[in-house]
Amino acid sequence: MAGVSITWYTWLEQGRNIRVSRQVLASIARALFLNPVERDHLFLLAGERAPTRRTTRRAVSADTLRFVELLGAYPCWVFDRYFDILTWNDSGAALLVDIEGRPEHELNALWLLFHEPRARQLLVDWEDEARRLVALLRGELAANTADARYREMVRDLGATSATFRQFWETHDVVSFTSSVRRFNHPRVGRMALRSMKLDLVNEPGHSLMVYFADPGTADLERLHALTGMPGPDNGRLGNGAASVLLGAGLP
(Lines give C-alpha, C1' and ligand atoms only; values in the text may rest on other atoms or scores of the structure.)
Protein backbone atom coordinates (compact mmCIF):
# COMPACT_ATOMS: atom_id res chain seq x y z
CA MET A 1 0.00 0.00 0.00
CA ALA A 2 2.92 2.34 0.63
CA GLY A 3 4.61 1.43 -2.65
CA VAL A 4 7.79 0.06 -1.04
CA SER A 5 9.12 -3.50 -0.82
CA ILE A 6 8.75 -5.62 2.32
CA THR A 7 12.53 -5.94 2.55
CA TRP A 8 13.06 -2.19 2.35
CA TYR A 9 10.34 -1.55 4.93
CA THR A 10 11.88 -4.16 7.24
CA TRP A 11 15.23 -2.40 6.98
CA LEU A 12 13.49 0.86 7.83
CA GLU A 13 11.96 -0.61 10.99
CA GLN A 14 15.32 -2.14 11.92
CA GLY A 15 16.92 1.28 11.74
CA ARG A 16 19.42 0.32 9.06
CA ASN A 17 21.47 3.00 7.32
CA ILE A 18 19.15 3.58 4.36
CA ARG A 19 17.93 6.83 2.88
CA VAL A 20 14.23 7.54 3.15
CA SER A 21 12.56 10.50 1.47
CA ARG A 22 9.78 12.59 2.96
CA GLN A 23 7.43 11.43 0.22
CA VAL A 24 8.02 7.77 1.11
CA LEU A 25 7.50 8.53 4.81
CA ALA A 26 4.18 10.17 3.95
CA SER A 27 3.19 7.09 1.92
CA ILE A 28 3.99 4.81 4.86
CA ALA A 29 2.00 7.03 7.23
CA ARG A 30 -0.98 6.84 4.90
CA ALA A 31 -0.71 3.06 4.51
CA LEU A 32 -0.59 2.59 8.29
CA PHE A 33 -3.54 4.97 8.77
CA LEU A 34 -1.52 7.09 11.21
CA ASN A 35 -3.23 10.05 12.83
CA PRO A 36 -1.51 13.48 12.64
CA VAL A 37 0.37 12.99 15.94
CA GLU A 38 1.60 9.52 14.92
CA ARG A 39 2.54 10.83 11.48
CA ASP A 40 4.66 13.60 12.99
CA HIS A 41 6.31 11.04 15.30
CA LEU A 42 7.22 8.84 12.31
CA PHE A 43 8.95 11.78 10.62
CA LEU A 44 10.76 12.58 13.87
CA LEU A 45 12.05 9.00 14.20
CA ALA A 46 13.35 9.19 10.64
CA GLY A 47 15.18 12.43 11.36
CA GLU A 48 12.79 14.54 9.31
CA ARG A 49 10.46 17.35 10.21
CA ALA A 50 6.87 16.55 9.23
CA PRO A 51 5.70 18.74 6.33
CA THR A 52 3.00 21.24 7.16
CA ARG A 53 -0.31 20.84 5.37
CA ARG A 54 -1.06 23.51 2.81
CA THR A 55 -4.20 24.55 1.06
CA THR A 56 -4.49 23.76 -2.63
CA ARG A 57 -4.77 27.49 -3.35
CA ARG A 58 -1.23 28.44 -2.35
CA ALA A 59 0.76 30.85 -4.51
CA VAL A 60 -2.15 31.43 -6.90
CA SER A 61 -3.31 34.99 -7.47
CA ALA A 62 -6.86 36.10 -6.78
CA ASP A 63 -7.35 36.87 -10.47
CA THR A 64 -6.33 33.34 -11.43
CA LEU A 65 -8.66 31.83 -8.84
CA ARG A 66 -11.53 33.94 -10.15
CA PHE A 67 -10.81 32.94 -13.75
CA VAL A 68 -10.73 29.26 -12.77
CA GLU A 69 -14.14 29.65 -11.16
CA LEU A 70 -15.52 31.47 -14.22
CA LEU A 71 -14.69 28.50 -16.43
CA GLY A 72 -17.57 26.77 -14.66
CA ALA A 73 -18.56 23.71 -16.66
CA TYR A 74 -15.04 23.19 -18.00
CA PRO A 75 -12.72 21.09 -15.78
CA CYS A 76 -9.52 22.99 -15.14
CA TRP A 77 -6.52 22.97 -12.84
CA VAL A 78 -3.52 25.20 -12.22
CA PHE A 79 -0.13 23.44 -12.14
CA ASP A 80 3.36 24.57 -11.26
CA ARG A 81 6.53 23.51 -13.08
CA TYR A 82 6.84 20.44 -10.85
CA PHE A 83 3.43 19.09 -11.91
CA ASP A 84 1.96 20.01 -8.51
CA ILE A 85 -1.77 20.75 -8.65
CA LEU A 86 -2.24 24.17 -7.04
CA THR A 87 -5.96 24.70 -7.44
CA TRP A 88 -8.96 23.58 -9.48
CA ASN A 89 -12.63 24.31 -10.02
CA ASP A 90 -15.58 22.11 -9.04
CA SER A 91 -15.71 20.58 -12.52
CA GLY A 92 -12.04 19.64 -12.27
CA ALA A 93 -12.69 17.93 -8.94
CA ALA A 94 -15.65 16.06 -10.43
CA LEU A 95 -13.57 14.79 -13.35
CA LEU A 96 -10.55 13.60 -11.36
CA VAL A 97 -12.63 11.87 -8.67
CA ASP A 98 -11.80 12.31 -4.98
CA ILE A 99 -9.12 14.98 -5.31
CA GLU A 100 -10.55 17.07 -2.50
CA GLY A 101 -8.94 16.64 0.92
CA ARG A 102 -5.80 14.86 -0.28
CA PRO A 103 -2.52 15.52 1.56
CA GLU A 104 0.06 17.78 -0.03
CA HIS A 105 2.37 15.17 -1.52
CA GLU A 106 -0.51 13.49 -3.39
CA LEU A 107 -1.50 16.70 -5.20
CA ASN A 108 0.91 16.03 -8.03
CA ALA A 109 0.04 14.73 -11.50
CA LEU A 110 2.91 12.22 -11.56
CA TRP A 111 2.16 10.91 -8.09
CA LEU A 112 -1.51 10.41 -8.94
CA LEU A 113 -0.68 8.59 -12.19
CA PHE A 114 1.65 6.08 -10.58
CA HIS A 115 0.17 5.68 -7.09
CA GLU A 116 -3.59 6.19 -7.42
CA PRO A 117 -5.26 2.99 -8.72
CA ARG A 118 -8.31 4.95 -9.87
CA ALA A 119 -6.13 6.85 -12.33
CA ARG A 120 -5.68 3.66 -14.35
CA GLN A 121 -9.43 3.13 -14.37
CA LEU A 122 -10.22 6.74 -15.24
CA LEU A 123 -7.75 7.19 -18.12
CA VAL A 124 -8.51 4.86 -21.02
CA ASP A 125 -5.00 5.38 -22.42
CA TRP A 126 -3.27 5.38 -19.04
CA GLU A 127 0.05 3.98 -20.25
CA ASP A 128 0.35 6.51 -23.07
CA GLU A 129 -0.46 9.34 -20.68
CA ALA A 130 2.00 8.06 -18.05
CA ARG A 131 4.81 7.67 -20.58
CA ARG A 132 4.12 11.16 -21.92
CA LEU A 133 4.28 12.73 -18.47
CA VAL A 134 7.51 10.89 -17.63
CA ALA A 135 9.02 12.14 -20.90
CA LEU A 136 7.93 15.69 -20.00
CA LEU A 137 9.60 15.29 -16.59
CA ARG A 138 12.86 14.17 -18.24
CA GLY A 139 12.80 17.24 -20.44
CA GLU A 140 12.21 19.52 -17.43
CA LEU A 141 15.07 17.85 -15.55
CA ALA A 142 17.43 18.33 -18.50
CA ALA A 143 16.52 22.02 -18.68
CA ASN A 144 16.85 22.52 -14.93
CA THR A 145 19.76 20.33 -13.85
CA ALA A 146 20.55 22.56 -10.88
CA ASP A 147 17.02 22.22 -9.45
CA ALA A 148 17.15 19.59 -6.71
CA ARG A 149 13.37 19.21 -6.67
CA TYR A 150 13.37 17.46 -10.06
CA ARG A 151 16.07 15.03 -8.95
CA GLU A 152 14.13 14.34 -5.77
CA MET A 153 10.98 13.62 -7.79
CA VAL A 154 12.81 11.12 -10.00
CA ARG A 155 14.40 9.46 -6.98
CA ASP A 156 11.16 9.17 -5.02
CA LEU A 157 9.05 7.98 -7.95
CA GLY A 158 11.73 5.47 -8.87
CA ALA A 159 11.86 4.18 -5.31
CA THR A 160 8.10 3.67 -5.08
CA SER A 161 7.03 2.63 -8.59
CA ALA A 162 8.57 -0.08 -10.73
CA THR A 163 6.46 1.12 -13.65
CA PHE A 164 7.92 4.61 -13.36
CA ARG A 165 11.43 3.14 -13.36
CA GLN A 166 10.59 1.16 -16.50
CA PHE A 167 9.27 4.23 -18.32
CA TRP A 168 12.12 6.45 -17.08
CA GLU A 169 14.75 4.07 -18.47
CA THR A 170 13.43 4.55 -22.02
CA HIS A 171 14.94 8.08 -21.97
CA ASP A 172 12.04 9.49 -24.03
CA VAL A 173 11.68 13.27 -24.21
CA VAL A 174 8.63 15.13 -25.55
CA SER A 175 7.16 18.62 -25.53
CA PHE A 176 3.60 19.38 -24.50
CA THR A 177 0.98 19.25 -27.22
CA SER A 178 -2.76 19.69 -26.95
CA SER A 179 -4.60 16.43 -27.52
CA VAL A 180 -7.81 14.49 -26.99
CA ARG A 181 -7.89 12.40 -23.85
CA ARG A 182 -10.34 9.58 -23.27
CA PHE A 183 -11.92 9.08 -19.86
CA ASN A 184 -13.96 6.22 -18.45
CA HIS A 185 -15.68 8.01 -15.60
CA PRO A 186 -17.52 5.94 -12.94
CA ARG A 187 -20.49 8.33 -13.04
CA VAL A 188 -21.02 9.13 -16.71
CA GLY A 189 -19.04 6.51 -18.61
CA ARG A 190 -16.69 7.13 -21.55
CA MET A 191 -16.05 10.54 -23.02
CA ALA A 192 -13.34 12.17 -25.12
CA LEU A 193 -12.24 15.66 -24.05
CA ARG A 194 -9.90 18.09 -25.72
CA SER A 195 -7.15 19.65 -23.63
CA MET A 196 -5.61 23.11 -23.74
CA LYS A 197 -2.67 24.41 -21.70
CA LEU A 198 -2.31 28.14 -21.01
CA ASP A 199 0.84 29.59 -19.46
CA LEU A 200 0.11 32.25 -16.84
CA VAL A 201 2.57 34.99 -17.72
CA ASN A 202 1.84 36.94 -14.53
CA GLU A 203 2.68 33.83 -12.47
CA PRO A 204 5.98 32.43 -13.80
CA GLY A 205 6.06 28.65 -13.77
CA HIS A 206 2.29 28.29 -13.44
CA SER A 207 0.01 27.02 -16.17
CA LEU A 208 -3.70 26.37 -16.50
CA MET A 209 -5.00 23.14 -18.02
CA VAL A 210 -8.60 23.09 -19.24
CA TYR A 211 -10.67 20.31 -20.80
CA PHE A 212 -13.65 20.79 -23.10
CA ALA A 213 -15.83 18.86 -25.54
CA ASP A 214 -17.01 19.69 -29.04
CA PRO A 215 -20.48 21.28 -29.25
CA GLY A 216 -23.38 18.99 -30.09
CA THR A 217 -21.57 15.78 -29.10
CA ALA A 218 -22.44 13.06 -26.62
CA ASP A 219 -19.16 13.88 -24.92
CA LEU A 220 -20.43 17.38 -24.16
CA GLU A 221 -23.69 15.97 -22.77
CA ARG A 222 -21.75 13.63 -20.49
CA LEU A 223 -19.51 16.46 -19.35
CA HIS A 224 -22.56 18.56 -18.47
CA ALA A 225 -24.08 15.60 -16.63
CA LEU A 226 -20.87 15.15 -14.66
CA THR A 227 -20.39 18.78 -13.68
CA GLY A 228 -24.05 19.65 -13.31
CA MET A 229 -23.44 22.86 -15.23
CA PRO A 230 -24.66 23.87 -18.69
CA GLY A 231 -21.94 24.98 -21.09
CA PRO A 232 -22.09 27.40 -24.03
CA ASP A 233 -24.48 26.60 -26.85
CA ASN A 234 -23.34 26.14 -30.44
CA GLY A 235 -19.73 26.91 -29.59
CA ARG A 236 -20.51 30.43 -28.34
CA LEU A 237 -18.97 31.79 -25.16
CA GLY A 238 -20.84 31.22 -21.91
CA ASN A 239 -21.91 34.16 -19.77
CA GLY A 240 -18.92 33.91 -17.44
CA ALA A 241 -16.31 33.96 -20.20
CA ALA A 242 -18.22 36.63 -22.12
CA SER A 243 -18.15 38.85 -19.03
CA VAL A 244 -14.39 38.53 -18.85
CA LEU A 245 -13.98 39.58 -22.50
CA LEU A 246 -16.45 42.45 -22.22
CA GLY A 247 -14.70 43.65 -19.08
CA ALA A 248 -11.47 43.76 -21.06
CA GLY A 249 -13.14 45.95 -23.69
CA LEU A 250 -13.22 43.26 -26.36
CA PRO A 251 -16.19 43.00 -28.76
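## Methionine 196 and its surface patch

With a relative accessibility of 34%, methionine 196 counts as partly exposed, because that class takes in residues between 20% and 50% relative accessible area. This value, like the others in this report, is computed from a predicted model. Methionine 196 belongs to strand 4, which runs over residues 189-199, and together with Phe67 and Leu198 it makes a nonpolar surface patch of about 230 Å².

## The largest pocket

The largest pocket holds about 850 Å³ of space, and its lining is made up of 39 residues, with Phe79, Phe83, Ala109, Leu133 and Met209 lying nearest its centre. Among the elements that give two or more residues to this lining are strand 1 (76-79), helix 6 (109-115), helix 8, strand 4 and strand 5 (207-212).

Helix 8 provides the largest share of the pocket lining, with six residues. By class, the lining of the largest pocket comprises 22 nonpolar, five polar and twelve charged residues.

## The enclosed cavity

One cavity of 30 Å³ or more is present in the structure, and the largest cavity contains about 50 Å³ of space. The residues that line the largest cavity are Arg131, Val134, Ala135, Arg138, Phe167, Trp168, Thr170, His171 and Asp172. Two elements, helix 8 (126-143) and helix 10 (162-168), give two or more residues each to this lining.

The largest share of the cavity lining, four residues, again comes from helix 8, and the lining as a whole divides into four nonpolar, two polar and three charged residues.

Terms used. Residues numbered from 1 in each chain as written. Predicted model: local features only at pLDDT ≥ 70, side-chain atom pairs only at ≥ 80, totals over all residues. Heavy atoms only, no water. Patch = residues over 30% accessible without salt bridge, like charges linked within 9 Å, V, L, I, M, F, W, Y side chains within 5 Å. Areas by Shrake-Rupley, 256 points an atom, 1.4 Å probe, with all protein chains shown as cover. Salt bridge = Lys/Arg side-chain N within 4 Å of Asp/Glu carboxyl O. Buried < 20%, exposed > 50% of the residue type's maximum accessible area, 1.4 Å probe, protein only. 1 Å grid on protein atoms, 1.4 Å probe; cavity = no way out; pocket = protein on both sides within 12 Å on 5 of 7 lines; lining within 4 Å. Points joined across faces, edges and corners; volume = space filled by probe spheres on them. Nonpolar A, V, L, I, M, F, W, Y, C, P; charged D, E, K, R; others polar.
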